[in-house]
Amino acid sequence: MAVAEMSKLNLVAMSYDRDRLLNALQKTGAVEVKTHYEAENTVILQDDGESLREYLNGVENALSLLCAEVDAYNKDNKVKSDELKDGFAVSYTQFMGAGELKEQCDKAVEEVNALLDKRRELTAEQAKLKRKAETAEIYSCVKDKLGYFANTAHAKVKLGVIPFTELDNLTKAVEECELASLTILDTTAESALIIFAYHKSEAGAEEILSSRGFVSCPFEADKSGEEIYAETRNAIDDLTAKLADISERLYALRVNVKPLKIYSDYLSFELEKITLSEKMRGTAKTFLLEAYLPKEAEEVVKSAIDETASATYYEFSEPADDEIPPTLYKNNAVVKNFETITNMYSPVNSKEFDPNAVMAFFYSLFLGFIMADVGYGLLMLLGGGAIYLKTRASDSGLKRLAGVFAIGGIFALMWGLLFNSVFGIPVFASSIIPDPQKSRWSLMGIQVPSVLIISMELGIVHLMTGYICKAIQCMRRGYFWDGILDGLVWAVFSIGMGLAIVGFVDEANISILGPVGGIMAGVSLLVAMLTAGRKEKLIGKFTKGFGAAYGIINYVSDILSYARLYGLMLSGAVIAQIISAYAVDPSIMNLDGVGFLVSGNPMLIILGVVLLVVGHGFNLAIGLLGAYIHDARLQYVEFYGRFFEGEGELFTPLGSNRKYIKVQNNL
C-alpha cells in the first residue's frame, strides 16, 4: 500500500557502449530514461529512426493481416488453436537474439503481401466474371452460335433481353406490325430473352425495342450462349480454386506468427533506443543519460552497468524537491486490479499517500451494496473469476475489470445474505438488514427509508476515512499539526455526525448518541474554524474560519451523494423481484397466481426459463454498469476530494512496452 521510493541515475559513458548499456538497463526492467538537463558542452543526440519505423510498420501490418487470415480460417473450419494468443513467454536471450529472425520474417512478410496482392487481383477478376455469368445465364439456352442471329439482305434480327414486365407490351406492339415477328427463347422473374425480326421497310420497329428497355446480346458471335456461360462458370470455378489455394498457403504461413511477434517487439525496442536519443545528450565521444529507478533496484542496476562497460561513470542520487518521479505502485495482486480505477482519474504522484488499498475496500463494499444479492454475487464471482483466470497471462484492462467484479461479487454475496435476497427471492424467515422497499425509520420525527440512512452512514465512514488519509499524508511529509487540524479534526467531526444520526433514529433506542455526537461534531467544528486560518494574517484568519463553517453545507451535500447507493440498490432489487415473481413465485410481491416454472404448462415453463435468464442477465449487466460508474464517482469526488493530489505518471521501464510477448529473466 505504497508508492516505491525512486532514485535518480546519472551516467556518462563512451558512445560506442551506448547500445550495450541500454540493452543491459532494459534487462533489469527497472530503469526509465528521462530527458537530460542541459549540460555544458553537450548537444542532444540525433538519430533518425524513420526508416526503422517504416520497416516496423510493414512487418506489423503483414503480421496483422496474417493473424486475421489464420483467425478467419480457424473459425471457418472450427479449428481451436492458441498460436495467435499474445503474452507468450520468451527468454531474454531469445529476445535479444531476435535480429537473427530478420531473413525468415522478411521472407514471410514478402510471401504474405504477395499472396494477398494476388488474391486481390483474382478477386477483382472473379467479380468481373460473376457479373458476366449473371448476364450470360439467360443466353445459356441458346445452343446455336450467336452469329446465326444476324441480319439478312432484307431483314434485321435482334437477339437480346428486355425486362419481363415489358414482355406483354412488346407482344402487343409486334402484333400491330405487319412485317415483324417475336420469338421468346427464355424468361426469368426479371427479364426475357427474345429474338425480334422485322423487314427493313417496317417503320418504327427500332422504337418498339428501345422504348421497352431492350439490351442487345453483348457476347461474341462465334460461340453459342451455352458455350459462353459454361466457359464463364468454369473460369469462375478455376479462380475459386486458386483463391482457396491462396488461403491454404496463407494458413500454412501461420508458423511465422510467433517469430514475427518476437521480431516485431524486438524492432520496437530497437526503435525505442533510437528515439531515446532525444532524451540524452552527448559530446564527440561520450553520451550522458539520466533516468529514474526504484531505490531497491540500485544494486541490480549497478551490477548490470559494471558487467557491461568499464569506461563508465555513474551515480545514484535522490530526486530534487521540485522533481516528481514516475509512480511505481507496490500493491498486492488483489489491490492491483483497482489501480486501473484510480488511473482513469489520475495516477497517484510519487510523493503522496497511495490510497488504492483503502479505495479498493470501499469500492468493493459499495459495489456489493448496490448489487446486494446472493445470486448476482455468485455470478459476479464466478464470471469475473473465470475471465480473470483466462486472461491471467496478460495485464489487460479486461483482466483487471474482471478482478474488480469478482471481488465485488464476494461483497454482493455477503450483502445479499444480510438483505435475504437470492435473485430477488427471500430464502430465510427474516433478514438482518431491514427491507429496502418497506422499512422506514423515524429520523427526528420524519419517516425515512431505513436503508437510505444506512447508505448515508456508510458515506460518513467513507468521508471519515478520507480525512484520516489526509492526516496520514500530511504527517508523512512532516506536517504533523496540519495532519491533526486538517485531517483528524474533520475525521472526529464525521464520527460525531454519524453518532448523532444514529442517536436521532427512534428505532435505534440509543438517544444518548444524539447529544454525544452533536458535542463531538460541534467541538471539532469549532476547532476547525479557529485553526483554519492559522497560516493567514488577521483578515485571512477570519475568512478561513468562516469558510470552514460554510463547508458544513458541502459536507451535508456530500453525505446526500451516498443516497445513490440506496437508489441503485433499490432499483436492481425491485427488478430482480419482479422477474423472479412472474417466473417462480408471485407471492414475493403479494401477487395472486402461479409462477411460470411451476405452472405445469410447457410453454409457460419455457417462457419462465427465458425470463429468468434474459431478465436477470439484463438486470445484472445494467446494474454492474451503473454500479461501476457511480461507485467510481463516489471515490473520485467524495473520497479523493479530501486528500488526493494525483497528476502522476506511471513508471514505464525501458523496453517494457511490448505488444505481443513476455520476456522472462528480467531481474
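Here is a short walk through this protein, from its overall form down to a few single residues. The model is predicted, so please read everything below as a description of that prediction.

Let us begin with the whole chain. The protein has 667 residues, and its secondary structure comprises 19 helices and 16 strands. Along the principal axes, the C-alpha atoms fill a box of roughly 120 × 90 × 50 Å. How does the radius of gyration look beside that of a compact globule, and what are the values? For 667 residues a compact globule would come out near 26 Å, but this protein has 39 Å.

Next, look at what lies inside and what lies on the surface. Buried residues account for 46% of the chain. The exposed area is about 34100 Å², and carbon and sulfur atoms supply 59% of that area. As for contacts, take those with a separation of 6 or more: 78% of them join residues 24 or more positions apart. The charges can be viewed as a whole too. There are 62 positive and 82 negative charges, and the mean positions of the two groups are 3 Å apart.

For a sense of distance, try finding Val556 and Leu129 in the viewer. These two residues are 427 residues apart in sequence, and their C-alpha atoms are 75 Å apart in space. Val556 belongs to helix 17, which covers residues 538-561. With a relative accessible area of 35%, Val556 counts as partly exposed.

Now to the cysteines. How many disulfides does a search of the whole structure find? The search finds 0. Cys141 shows why one possible pairing fails: its sulfur is 11 Å from the closest cysteine sulfur, in Cys217, and that is too far for a bond, since a disulfide needs two cysteine sulfur atoms within 2.5 Å. Cys469 is likewise in no disulfide, with the nearest cysteine sulfur, that of Cys474, 11 Å away. The surroundings of Cys141 and Cys469 can be described by their accessibility. Cys141 is partly exposed, at a relative accessible area of 33%, whereas Cys469 is buried, at 3%.

Finally, here are three residues that sit in loops. Start with Asn256, in the loop that links helix 7 (225-252) to helix 8 (257-275). Is Asn256 buried or exposed? Its relative accessible area is 9%, so Asn256 is buried. Leaving aside residues up to four places away in sequence, Asn256 touches Gln104 and Ala108.

Met444 is worth a look for its backbone. Its phi is positive, about 55 degrees, although Met444 is not a glycine. You will find Met444 in the loop between strand 14 (440-443) and strand 15 (446-449). A relative accessible area of 61% makes Met444 exposed.

Glu647 is another residue other than glycine with a positive phi, here near 60 degrees. Where does Glu647 lie? Its place is the loop between helix 19 (602-639) and strand 16 (661-663). Glu647 is exposed, with a relative accessible area of 72%.

Technical notes: Residues are numbered from 1 along each chain as its sequence is written. This is a predicted model: local features need pLDDT of at least 70, side-chain atom pairs count only at pLDDT 80 or more; totals for chains, interfaces and linings use all residues. Side-chain values use heavy atoms; hydrogens and water are left out. Buried means under 20% relative accessible area, exposed over 50%, partly exposed in between (1.4 Å probe, protein chains only). Helices (H or I, at least four residues) and strands (E, at least two) are DSSP runs, numbered from the N terminus. The radius of gyration is taken over C-alpha atoms; the globule rule is 2.2 Å times the number of residues to the power 0.38. Contact means heavy atoms within 4.5 Å. Accessible areas come from the Shrake-Rupley method with a 1.4 Å probe; for residues, only the protein chains shown count as cover. Lys and Arg count as positive and Asp and Glu as negative; His and the chain ends are not counted. The place of a charge is taken as NZ of Lys, CZ of Arg, CG of Asp or CD of Glu.
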